[in-house]
Amino acid sequence: MGRIERVVLGIDPGLANTGWGVVRQSGSRLDCVAYGCTATSADDPLELRLGKIHQQIDAVIRRFQPTCCGIETVWFGQNITAAFATGQARGAALVACAQHGVQVGEYTPRQIKLAVVGTGTAEKDQVQYMVKQLLGLGEAPRPDHAADALAAAICFTTHEDVLKQAARRQQEVQDASVHDRVARALRTQKGAV
């Protein structure tokens with residue numbers, strides 16, 4: 001198996017703040033390329049806010065040319081309204097990924113924390129510290145949305161095999177289903193002869 005060389009985008013979606021981070025993977029080495037945060041104002045109409053998120057993620061993809069992306073899933077918690085807004089921001093970012101053919105891996109906050117810190121219940125400052133350590137940064141990325149996005153990119157690098165296995169299992173299920181239908185059709189034809 002060859003050495004993995006790729007650029008990975010990470011996204012921490014949010015309507016008010018969508019964090020993004022770009023990581024270069026060279027074998028087992030991870031380097032931070034860039035990170036930032038797209039902020040939108042609650043005073044702006046929803047469609048403008050979502051448009052800004054889409055445009056900014058599109059610009060990041062055009063500039064850094066990632067081939068894959070780790071994005072945090074929506075966590076409902078207690079506030080359904082906030083989760084819905086986050087889902088809309090997530091959708092705007094995912095459209096930008098789809099338009100550029102970027103492979104997407106979706107991870108829960110717990111999976112991301114586990115991949116980066118080693119425990120799914122890690123606090124924000126622990127995630128920031130480990131992102132700093134894993135990427136060899138002089139200081140923890142700020143704001144925390146950018147650190148979370150870099151953590152999502154790191155998570156992608158550790159979970160890609162899980163995605164491939166799931167895709168293989170899905171293909172095996174589809175192949176088995178087709179095989180079963182063909183076998184039934186042949187049995188039906190034999191019975192009719």
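In this predicted model, Thr40 is found in the loop that joins strand E3 (29-39) to helix H1. Because its relative accessibility is 12%, under the limit of 20%, Thr40 counts as buried. The side chain of Thr40 forms a polar contact, at 2.8 Å, with the side chain of Arg49, and when neighbours within four places in sequence are set aside, the residues in contact with Thr40 are Leu15, Ala16, Arg49, Lys52 and Ile53.

The setting of this loop can be described through the chain as a whole. The protein chain contains five helices and five strands, and from the N terminus on these elements follow the order β-β-β-α-β-α-β-α-α-α. Of its 193 residues, 39% count as buried. Among the contacts in the chain with a separation of 6 or more, 60% are accounted for by residues 24 or more positions apart.

Two nonpolar cores may be considered next. The largest nonpolar core consists of 22 residues, and Leu9, Ile11, Trp20 and Ile57 are those with the most contacts inside it. At least two residues of this core come from each of strand E1 (5-12), strand E2 (17-26), helix H1 (46-64), strand E4 (68-72) and helix H2. Beyond residues up to four places away in sequence, Trp20 touches a set of residues that includes Leu9, Ile57, Val60 and Phe64, together with Ala34, Tyr35, Ala146 and Ala149. A second core, separate from this one, has 18 residues, among them Tyr107, Ala152, Ala153 and Cys155.

The largest pocket holds about 510 Å³ of space. Its lining is made up of 21 residues, and those that lie nearest the pocket centre are Asp12, Glu72, Pro109, Lys124 and Asp148. Two or more lining residues are given by each of helix H2 (80-99), helix H3 (109-116), helix H4 (124-135) and helix H5 (144-192). By residue type, the lining divides into 10 nonpolar, six polar and five charged residues.

Two of the helices just named also hold polar or charged residues that are buried. Arg90 is placed in helix H2, and this residue counts as buried because its relative accessibility is 12%. Residues up to four places away in sequence being left out, Arg90 touches Pro13, Ile71, Glu72, Thr73, Val74 and Glu106; of these, Glu72 is also one of the residues nearest the centre of the largest pocket. Gln128, in turn, is placed in helix H4 and counts as buried because its relative accessibility is 8%. Between Gln128 and Val117, which are 11 residues apart in sequence, the C-alpha to C-alpha distance is 9.3 Å. With neighbours within four places in sequence left aside, Gln128 is in contact with Ala140, Pro141, Arg142, Pro143, Asp144 and Ala147.

Two features of the backbone remain to be described. Most peptide bonds are trans, and most residues other than glycine have a negative phi. The peptide bond from Arg142 to Pro143, however, is cis, with omega near 0°, and Pro143 is placed in the loop between H4 and H5. Gln65, which is not a glycine, has a positive phi, near 55°, and is located in the loop between H1 and E4. With a relative accessible area of 54%, over the limit of 50%, Gln65 is therefore exposed, whereas Gln128 is buried at 8%.

Conventions: Residues are numbered from 1 along each chain as its sequence is written. This is a predicted model: local features need pLDDT of at least 70, side-chain atom pairs count only at pLDDT 80 or more; totals for chains, interfaces and linings use all residues. Side-chain values use heavy atoms; hydrogens and water are left out. On a 1 Å grid over the protein atoms alone, a cavity is a set of points where a 1.4 Å probe fits but cannot get out, and a pocket is an open set with protein on both sides within 12 Å along at least five of seven lines; lining residues have an atom within 4 Å of a point. Grid points are joined across faces, edges and corners, and a volume is the space filled by probe spheres set on the points. Helices (H or I, at least four residues) and strands (E, at least two) are DSSP runs, numbered from the N terminus. Ala, Val, Leu, Ile, Met, Phe, Trp, Tyr, Cys and Pro count as nonpolar, Asp, Glu, Lys and Arg as charged, and the others, Gly among them, as polar. Buried means under 20% relative accessible area, exposed over 50%, partly exposed in between (1.4 Å probe, protein chains only). Contact means heavy atoms within 4.5 Å. A nonpolar core is a set of buried Ala, Val, Leu, Ile, Met, Phe, Trp, Tyr and Cys residues joined through side-chain atoms within 4.5 Å. A polar contact is a pair of N or O atoms within 3.5 Å; within protein, one must be able to donate a hydrogen and the other to accept it, and residues adjacent in sequence count only if both atoms are side-chain atoms.
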